Amino acid sequence: MLYLIGLGLGDAKDVTVRGLEVIRSCSRVYLEAYTSILTVGKEALEEFYGRELILADRETVEQEADEILRDAAVSDVAFLVVGDPFGATTHSDLVLRAAKAGIQHRVIHNASILSAVGCCGLQLYNFGETVSIVFWTESWKPESFYDKIRRNRLSGMHTLCLLDIKVKEQSIENLMKGKKVFEPPRYMTVNQAAEQLLQIVQNRRELGEELALTENTICVGLARVGASDQHIAAGTLQQLSTVDFGGPLHSLVISGCMHPLELDMLRLYAVEPSSFDQINVEDSSTYLSS
């Protein structure tokens with residue numbers, strides 16, 4: 001059996017009781033180490049689980065899946081994922097490979113940012129398509145995520161933005177030279193995501209477009225959701241570009257049309273309470289260019 005086990009969002013103890021029982025009984029246990037991170041390291045997990053963990057980076061999961069599935073038809077193998085196992089499409093590919101090889105699989109679910117984001121006070125059923133915001137480079141500055149946010153806001157929906165993670169990445173120079181030298185890990189902050197969105201807003205303004213959001217759009221920044229030092233701040237996009245959220249992982253929510261109850265919840269985390277005074281919660285049409 002191949003077990004895909006969610007670890008939750010906080011620390012080692014967030015694993016379910018059933019998940020922990022399976023981890024302790026498997027012949028091999030892999031820890032997926034590139035779509036997300038826990039606030040504790042591999043060593044803390046090993047100590048709590050009482051098992052050695054094999055780190056599985058992107059290359060291992062996407063190119064060496066056969067090694068993960070080795071002997072899984074006759075013994076139990078566990079694949080651990082921060083959050084929920086199906087928070088990333090890569091893990092669906094692993095399940096399909098297992099099925100093709102005649103290997104059964106079982107999923108043990110856990111909390112993910114897709115559900116835990118409700119802690120900020122915005123209702124989950126009011127969220128539209130989730131988007132990913134990637135790190136810009138000097139020569140590559142995609143804006144496609146802005147267009148998805150626009151579609152959500154046209155429907156009055158909130159947008160959860162998952163922020164880029166760069167783990168075990170190579171520089172172009174080392175790639176060209178074939179050197180297995182990796183850059184230090186990087187985790188996008190709310191500030192960086194907000195700054196990129198502000199630049200896109202300015203670009204679209206100069207093109208004369210009707211704006212999907214502006215510097216004054218109400219947004220929510222979240223950091224280390226599920227951990228004891230979780231941090232939430234609500235304010236304008238401009239305000240969130242300067243808030244110190246601390247260490248990773250960060251997420252950003254762009255608000256849509258808000259119910260009065262949602263608005264009251266966001267005020268609990270307001271950077272500046274006066275930012276919420278002029279919001280018209282009844283008229284969703286105000287959410288473009290506002």
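Before any residue is selected, one term is needed: a residue is called buried when its relative accessible area is under 20%, exposed when that value is over 50%, and partly exposed in between. The structure on the screen is a predicted model, and the tour below moves through it one selection at a time.

**First stop: a residue with a positive phi**

Select D71, which sits in the loop between α4 (65-69) and β4. Its phi angle is positive, at about 65°, although D71 is not a glycine. Is D71 buried, partly exposed or exposed? Its relative accessibility is 42%, and because this value falls between the two cut-offs of 20% and 50%, D71 counts as partly exposed.

Now move to R224, in the loop between β10 (218-223) and β11 (231-236). R224 is not a glycine, and yet its phi is positive as well, at about 55°. With a relative accessible area of 11%, which is under the 20% limit, R224 is buried.

**Second stop: the five-stranded sheet**

Next, show the strands as ribbons and look for the open sheet of five strands, whose order is β3-β2-β4-β1-β5 and whose pairing is parallel. Which strands stand at the edges of this sheet? They are β3 (54-56) and β5 (105-108), and each has a single partner strand, so one side of each is left without a neighbour in the sheet. If you look along the sheet, neighbouring strands are turned by 25° against each other on average, with direction ignored. As a general point, the strands of a sheet pair through backbone hydrogen bonds, either parallel or antiparallel.

Keep β5 in view and add strand β1 (residues 2-6), which runs parallel to β5 and is joined to it by four bridges. To find one place where these two strands face each other, select I5 together with I108, since I5 stands opposite I108 in β5.

With the strands still shown, add helix α1 (residues 17-25), which lies across β1, β2 (28-32), β4 (77-81) and β5. The helix α1 runs at about 135° to β5.

**Third stop: T16, between strand and helix**

Select T16, which is placed in the loop between β1 and α1. Which residues does T16 touch, leaving aside those up to four places away in sequence? They are I108, H109 and N110, and you have already met I108 as the residue opposite I5. Although T16 and I108 are 92 residues apart along the chain, their C-alpha atoms are separated by 8.1 Å. The side chain of T16 also reaches the backbone nitrogen of G19, at 2.9 Å. T16 itself is partly exposed, with a relative accessible area of 26%.

**Fourth stop: pairs of opposite charge**

In general, side chains of opposite charge can pair when their charged atoms come close. In this model the count comes to 14 salt bridges, and the following selections show some of them.

Begin with K42 and E46, whose side chains meet in a salt bridge at 2.9 Å, N to O. Both residues lie in helix α2 (residues 42-49), four residues apart, which is about one turn of the helix. K42 counts as partly exposed at 24% relative accessibility, whereas E46, at 19%, counts as buried.

Then select D264 and R267, which meet through their side chains in a salt bridge at 3.0 Å, N to O. They share helix α11 (residues 260-267) and are three residues apart, again about one turn of the helix. Both are partly exposed, D264 at 45% relative accessibility and R267 at 36%. Elsewhere, E143, D147, R204 and E209 can be selected as a group, for salt bridges that share partners join them into one network.

The next pair is D164 and K166, which form a salt bridge whose closest N and O atoms are 3.6 Å apart. D164 is buried, with a relative accessible area of 13%, while K166 counts as partly exposed at 23%.

**Last stop: a cis peptide bond**

Finally, select P248 and L249 and display the backbone that links them. What kind of peptide bond joins P248 and L249? The bond is cis, with an omega of about 0°. L249 is found in the loop between α10 (237-240) and β12 (250-254).

Key: Residues are numbered from 1 along each chain as its sequence is written. This is a predicted model: local features need pLDDT of at least 70, side-chain atom pairs count only at pLDDT 80 or more; totals for chains, interfaces and linings use all residues. Side-chain values use heavy atoms; hydrogens and water are left out. Two strands pair if DSSP finds at least two bridges between them. Axes are lines fitted to C-alpha atoms, for helices over the stretch in contact, and angles run from 0 to 180 degrees between N-to-C directions. Contact means heavy atoms within 4.5 Å. Buried means under 20% relative accessible area, exposed over 50%, partly exposed in between (1.4 Å probe, protein chains only). A polar contact is a pair of N or O atoms within 3.5 Å; within protein, one must be able to donate a hydrogen and the other to accept it, and residues adjacent in sequence count only if both atoms are side-chain atoms. A salt bridge is a side-chain nitrogen of Lys or Arg within 4 Å of a carboxyl oxygen of Asp or Glu.
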